[in-house]
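Colleague: Please take me through the packed interior of this model. I want a close look, one step at a time.

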Amino acid sequence: MNKPIRRVAVLGAGVMGAGIAAHIANAGLPVLLLDIVPPDIKDGAKKSERNAFAAGAVKKMLKSKPAAFFNKSHAALVEVGNLEDDLEKAAECDLIIEAIIERLDIKRGLFAKLQPLLGESILASNTSGLRIEDMLEGMNQEFKENFLVMHFFNPPRYMKLLELVAAPETSKETVARVEFFGKEKLGKGIVWAKDKPNFVANRVGTQSLMATVHLMIKEGLVPEDVDAITGVPMGHPKSATFRTVDLVGLDTLAHVVKNCHDVLVDDEDRELFETPSFISAMIEKKLLGGKTRQGFYKKSKAGIQTLDLETLEYREKGGDPDIKKACKKLNKIPKIEERLRATVATEGTIGKFSWTLLSRAMSYAARRVGEICDDIVAIDNGMCWGYNWELGPFQTWDALGFAETYDRMVKEGVSLPDSVKKMRESGATGFYKDGEVYDLLSGKYVPAVVDEREVSLTVLRRGESAVLSNAGAEAWDLGDGVLGLTFKSKSNSIDADVIGMLNDATEKAEQEFSSMVITNQGDNFCVGANLFLVVMAAGAGKWDELRGMVENYQAVTQRIKYSTIPVVAAPYGMTLGGGLELCFACDSVQAAAETYSGLVEVGVGLLPGGAGNMNMLWRALEGVPQGTDIDVSAFVAQTFKNIAMANVATSANEAKEFGYFRHSDGVSFDRSRQLWEAKQRAIGLAKSGYHAPVPRAYKLPGDSGIATIGMLIDSMRNGGFASEHDALISGKVAEVLCGGKGGASHKVTETEMLELEAEAFLSLCGEKKSQERMQHMLMKNKPLRN
């Protein structure tokens with residue numbers, strides 16, 4: 001075992017430095033964040049004034065959207081200072097990450113100051129393009145042994161990629177410690193790059209982006225056309241090309257492009273890195289994207305406008321309607337391999353444009369193997385983790401068909417390296433096959449390096465078919481006595497089939513397995529109940545059908561809660577409404593760090609109807625020792641606020657702070673390891689003497705609590721912050737949480753709570769305003785429709 005990294009210093013509190021510090025704090029480690037002393041500071045200024053830049057960066061991170069911290073409480077782990085007074089403090093840290101301005105002379109100056117202080121501390125540069133060889137010039141041997149590059153992608157919390165680059169002198173211990181820290185503590189995907197300009201992802205990604213820009217000019221297309229083609233149809237993010245540039249910042253892109261053009265003098269695609277005149281003009285006019293609120297696109301009162309690249313004036317958003325229509329159709333193809341083949345095969349502009357870009361990207365990536373990294377996996381991972389591509393260049397090549405793609409590129413005169421020619425002549429069928437990957441440098445298949453924890457449901461499940469299956473969900477044997485239940489419904493919404501399978505799978509698990517994991521696939525864990533079914537039943541006045549829906553889901557959550565075997569939920573992404581209610585029912589949760597959870601039913605004119613009111617309150621009270629006579633009003637009031645205000649926790653850690661998850665629940669920083677970690681949690685519970693919990697009743701405030709919360713509701717309504725209908729819904733929530741009307745403080749059983757919840761839910765379903773809200777939500781959110 002290598003010495004662990006327990007404390008980190010980040011030098012430079014700009015956007016990247018502050019973001020890195022925030023994410024290290026997210027991992028629970030103390031961080032020292034240093035920046036320069038403000039240049040206009042007066043002699044004798046207070047230390048707080050000298051630390052103003054670093055302190056200001058933390059304040060910005062606390063307000064940033066998307067949030068940099070998992071929860072604002074994590075900011076307490078960040079200590080601020082400055083580079084003049086506190087370098088010795090930094091040298092006491094196990095790891096120092098340099099994230100100052102991208103100027104070689106300034107970095108060298110800082111390194112010279114650090115060199116006599118460092119000792120065994122590791123120093124890592126977050127440079128995005130400077131070479132280690134140049135940065136280390138003049139440094140001593142010990143400094144070089146403890147130095148490497150850690151290149152994070154922005155924003156550090158959300159981007160999985162971490163590129164690592166070692167110097168020839170970097171010690172094996174330094175390499176191992178930093179790789180372990182990045183992967184295990186920060187949840188990053190590690191790509192080892194060579195000491196070449198822009199490393200792996202930015203080298204390949206910038207070539208691809210600039211090829212798109214130049215091809216657009218050549219073909220006479222406009223940004224809307226290009227973004228329609230280069231987004232989802234090609235397996236790239238919805239932000240595609242120009243919306244992505246607006247997010248990143250045109251000045252940032254221009255810096256990377258210029259660096260490529262200046263230093264990559266032998267690159268066969270060097271002409272692509274020439275900055276078009278319209279980009280230079282945009283930078284001059286400060287049309288940089290989101291940071292200046294105008295770039296290739298701009299929001300106006302009339303809607304989104306597009307920059308005319310000839311006049312540099314904004315116009316109404318347009319583009320070729322035929323391209324837009326065809327791309328919308330391509331977007332609906334769920335499997336990426338089929339979508340790519342359909343996109344390239346589309347006649348006309350879409351097929352020609354996409355093929356030209358993909359063939360250039362694939363061939364360019366192939367020519368880089370051996371130069372920027374040693375294998376194709378590093379490039380594929382770099383593009384998936386750093387640019388959010390669904391498939392990397394070589395995975396894309398396989399999806400299009402290795403042999404036919406190679407033959408087409410050769411026929412069209414696309415330059416390919418001899419290593420790929422040798423691969424084609426060998427009869428190889430693709431870059432990836434049966435647990436092996438083709439090594440272009442050795443010219444043969446080699447075993448793929450696999451982390452056993454990075455498994456999908458498809459890999460982990462046993463047997464030819466599911467143990468149980470219906471139209472909405474199915475249950476699979478995951479091995480080691482664990483039954484895995486997964487939804488198949490649209491957007492993983494909860495309907496009658498899902499409820500039935502939850503009940504049947506729990507029964508099956510109790511009989512033939514030792515534990516169960518509820519894990520889903522797709523973008524979100526569960527967006528809640530199928531709203532379409534509720535709207536239809538309410539509109540038709542089918543109250544018995546609605547009551548059955550509510551009582552059946554309440555019953556199954558209670559069934560899971562008191563099952564004889566442990567049940568673990570593995571939520572991620574949107575975990576809303578009924579999705580969170582399902583988590584409440586489970587013994588434990590192994591949540592992805594990026595889990596966004598809350599009971600949001602008030603937004604559609606309802607309240608939680610799957611035991612969510614009770615279980616959120618019971619969760620808040622479960623630590624109170626039995627027999628303790630306390631006033632629970634504060635717990636009731638906070639639970640009311642979370643439900644009535646539809647408070648959504650924006651991370652798994654924040655969900656713990658809100659009381660949605662327990663502090664003992666697990667958090668998976670790397671989503672690819674979540675299922676494995678959830679399974680281990682289930683096995684651990686099963687093997688450690690698991691027994692089902694015992695139902696409890698709690699003394700709730702009754703009428704006095706309803707009156708107290710009612711004053712808050714009246715204040716919101718009178719102040720114009722809530723409508724009459726909002727007040728009605730909130731009043732129903734208060735009645736449930738306080739144990740019902742008509743009495744003083746008294747003990748309330750779970751059965752009584754569920755009855756109150758069901759009646760309140762049904763009464764709101766009958767409200768015209770609630771039905772209108774539900775219908776409006778359905779029109780806005782296609783995934784919630786049947």
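Modeller: Here is the packing, followed by a few backbone points.

This is a predicted model: local features need pLDDT of at least 70, side-chain atom pairs count only at pLDDT 80 or more, and totals for chains, interfaces and linings use all residues. Residues are numbered from 1 along each chain as its sequence is written, and side-chain values use heavy atoms, with hydrogens and water left out.

Start with the largest nonpolar core, which has 107 residues. Such a core is a set of buried Ala, Val, Leu, Ile, Met, Phe, Trp, Tyr and Cys residues joined through side-chain atoms within 4.5 Å. Buried means under 20% relative accessible area, exposed over 50%, and partly exposed in between (1.4 Å probe, protein chains only). Leu11, Phe296, Ile379, Phe394, Trp397, Phe431 and Leu440 touch the most other members. Helix H16 (residues 349-368) gives the most to this core, with nine residues. Helices (H or I, at least four residues) and strands (E, at least two) are DSSP runs, numbered from the N terminus.

Now zoom in on Phe431. Leaving out residues up to four places away in sequence, Phe431 touches Ile376, Phe394, Trp397, Asp398, Phe402, Met423, Glu436, Val437, Tyr438, Leu440 and Tyr445. Contact means heavy atoms within 4.5 Å. A second, separate core has 85 residues, including Ala537, Trp618, Tyr660 and Leu737.

Next, a helix pair. H24 (residues 543-561) packs with H32 (residues 750-765) at an angle of about 145°, and their axes are 10 Å apart. Axes are lines fitted to C-alpha atoms, over the stretch in contact for helices, and angles run from 0 to 180 degrees between N-to-C directions. On the H24 side, the contact includes Trp543, Leu546, Arg547 and Val550. H32 brings residues including Leu754, Ala758, Phe761 and Leu762. The contact residues divide into eight nonpolar, two polar and five charged. Ala, Val, Leu, Ile, Met, Phe, Trp, Tyr, Cys and Pro count as nonpolar, Asp, Glu, Lys and Arg as charged, and the others, Gly among them, as polar.

Last, the backbone. Most residues other than glycine have a negative phi, and most peptide bonds are trans. Asn198 has a phi near 65°, a positive value. Asn198 sits in the loop between strand E8 (189-192) and helix H9 (201-219), and is buried, with a relative accessible area of 2%. Ala646 has a positive phi too, near 50°, but is partly exposed at 22%. The peptide bond from Lys65 to Pro66 is cis, with omega near 0°.
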